Amino acid sequence: MSPVRPSPPPRKGRAGAASRPVPGVPHGLRGPSGGRDAGADTDPGGEVVTAHGTTPPDGLGRRCFLTLCAGVGLGTAAACTAAPPHPHATTAPGARLRPEAERDAPGTADWRLASTGPPQAVAGYADRVSVAPGERFGLHVSTTAASFRVSAFRVGWYGGAQARRVWTSERIPGRARPAPRVLSATRTVRADWPETLPVDTSGWAEGAYLLRLEADTGHQRYVPLIVRSTDGTGRTVLMHAPATWQAYNRWGGSSLYNGASGAYATRSLAVSFDRPYDGEGAGKFQVYEWALVVLAERLGIPLAYTTGMDVHRDPGVLRGAHAVVCLGHDEYWTPQQRAHVTAARDAGTNIAFLGANTCFRRVRLEAGDAADDRTVVCYKTDYRADPCYGTHPALVTTDYRLPPAPDPESSLTGVLYEGYPVDAPYVVRSAGHWLYEGTGARSGDAFAHLVGVEYDRITPGAPTPGELEIIAHSPLVCGGRPSHSDSAYYTAASGAGVFATGTMRWVEALVAGTGMFGRDHGMDARTRAFVTRTTENLLRTFARGPAARHAPPTRANVREVYGA
């Protein structure tokens, strides 16, 4: 099918105002203005996403919502304390520890935060988004406390403890650092603090880590870090989304959604990793990624770890991989990352999209002062001001479905992002699908609140990778307008299976009813059991290699469901 060709943008108006329908795609869906769900995205900014792409808001101060398709160191790290060795520890010098080396290791119950305190109490960032095992990185920390420590926790199952402390620093002298600077051309906030201590990851297994900054005042914050794999052959690759974490990061006053005034018009056009994350320091990782990491490690399937930014630079970890898992909110992709994931699919690697709004924004990675790829650029509705406009249209940073180089995400995911905000039941359509085996679900069964806060659907007229099977078709109302969220499955010519949940709450639901992160949107233990078993089926089958060899073929039913 040909790509969706956007018409002129609809007339801008306040929340709830009418906009023109677009031929070939459903009408725009609007909802009440305000933030996203607590525990989900809370700063969408004042942009409006429609079938045409993103359009700017009316006023500088009005917050809209998404709708239809969006030195000198402070001290030295003297000696440090490592965790005791475990039965499968690799002792060869420079050995790159695989995730399975951690499976019988004892966990650490005390990995959560005690009290964050005010923003200035303690905060920090790493000078690398990811490192290979044994590589060093620098921590940059500011604190009002006299001293602090750092503990590194690897996230995993660990017999239910869900993390293991692998390293603790000595006590480090504390120092409060100056306010961040703002680069006027792109309104980019950068802390640019000097390195506080270097950290050596020798002996750290591949995986997802939370570095806990522990001020002597009792205040604590996280710094996330991925210890990446370099070989994914025969493994399921968990692809984390730091570009999206950074896009929403309001530390220092600005994100890709809002400026210091709260207005969309004064938002950053580029955001920097050379600053801490806001809140607890790892909010997006905890809400949208943590639970899937714990589950995958509990299942014991061969795993590898990477980030979208690493895949952008080097797709080597995808070669020969049995599966790639995109986690709960993975919105910001470079064209290179997208091309590499698509190529992996076409080589037989299964792909799972366990969220919604995936691959919606095209971004560019640029250097910071001291390292490459420390800046995420996305001009969005100001794309004509992007330096690449007019010379490199395929690199212009805006929504993938928009000119000057429209390429809607549905050609990879099968589904198209449609709207926000929504809260609706997830309704099973094809209970006999292998993904639902053992769940006890019947066609028509509903799981309250599982569809939200953003959603995707099959959109007739949008480009697709081939025949699609809708296995859940969930009626919803967004801003007073009816639509559906779809979970969809397809088989690529290579035999790879591709599954998209169509909802952003899938990974959150893995801990529904437990109170793990404060709020779970009303999802209950029944929903947790359903999502957990479905995800286990998905991961176990995808871990075996091209799904077409191990699972029933796709049963195309889009015409049956949509009559188009």
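Strands are DSSP runs of at least two residues, numbered from the N terminus. In this predicted model, Val453 is found in one such run, strand E25, which covers residues 446-457. The peptide bond that leads into Val453 from Gly452 is cis. Its omega is near -25°.

The protein as a whole has eight helices and 28 strands. It holds 564 residues, of which 60% count as buried. Its accessible surface comes to about 19,500 Å². Carbon and sulfur atoms account for 52% of that surface.

One open sheet is built from three strands in the order E4-E6-E12. The pairing in this sheet is antiparallel. Strand E4 (122-126) and strand E12 (197-200) stand at the edges. Each has a single partner strand, so one side of each is left without a neighbour in the sheet. Neighbouring strands here are turned against each other by 30° on average, direction ignored. Strand E6 spans residues 136-143 and is joined to E12 by four bridges. One residue pair can be named: Phe137 has Val199 of E12 as its bridge partner.

A parallel arrangement is found around strand E18 (residues 323-326). Strand E15 (residues 236-240) runs parallel to E18, and four bridges join the two. Val237 has Val324 of E18 as its bridge partner. E18 also pairs with E20, again in the parallel sense and over four bridges. Here the bridge partner of Cys326 is Phe353 in E20. Both faces of E18 are covered. Ala323 and Val325 lie on one side, Val324 and Cys326 on the other, and all are buried.

Cysteine pairing was searched for across the whole structure, and zero disulfides were found. Cys326 is in no disulfide. Its nearest cysteine sulfur is that of Cys359, 8.5 Å away. The converse holds for Cys359: the nearest cysteine sulfur is that of Cys326, and Cys359 is likewise in no disulfide. A disulfide requires two cysteine sulfur atoms within 2.5 Å, so a separation of 8.5 Å does not qualify. Cys326 is buried, with a relative accessible area of 0%. Cys359 is buried too, and its relative accessible area is 0%.

Strand E20 (350-353) also marks the start of a loop that ends at strand E21 (361-362). Asn357 has its place in this loop. Its phi is near 70°, a positive value in a residue other than glycine. Asn357 counts as buried, at 0% relative accessibility. Buried means under 20% relative accessible area, so Asn357 falls within that class.

A positive phi also occurs at Arg187, which is not a glycine. The value is about 55°. Arg187 lies in the loop between strand E10 (181-183) and strand E11 (188-190). Its relative accessibility is 25%, and it counts as partly exposed. The partly exposed class lies between the 20% and 50% limits, so Arg187 belongs there.

The loop between strand E23 (375-377) and helix H5 (410-413) contains Thr397. Thr397 is buried, with a relative accessible area of 0%. Its side chain makes a polar contact of 2.7 Å with the side chain of Asp386. Beyond residues up to four places away in sequence, Thr397 touches Arg362, Val363 and Arg364. It also touches Val377, Cys378, Tyr379 and Lys380. Tyr383 and Asp386 complete this set of contacts. Asp386 thus appears both in the polar contact and among the residues touched by Thr397.

The loop between E23 and H5 also holds Pro404. A cis peptide bond joins Pro403 and Pro404. Omega for this bond is about 15°.

Technical notes. Residues are numbered from 1 along each chain as its sequence is written. This is a predicted model: local features need pLDDT of at least 70, side-chain atom pairs count only at pLDDT 80 or more; totals for chains, interfaces and linings use all residues. Side-chain values use heavy atoms; hydrogens and water are left out. Buried means under 20% relative accessible area, exposed over 50%, partly exposed in between (1.4 Å probe, protein chains only). A polar contact is a pair of N or O atoms within 3.5 Å; within protein, one must be able to donate a hydrogen and the other to accept it, and residues adjacent in sequence count only if both atoms are side-chain atoms. Contact means heavy atoms within 4.5 Å. Accessible areas come from the Shrake-Rupley method with a 1.4 Å probe; for residues, only the protein chains shown count as cover. Two strands pair if DSSP finds at least two bridges between them. Axes are lines fitted to C-alpha atoms, for helices over the stretch in contact, and angles run from 0 to 180 degrees between N-to-C directions.
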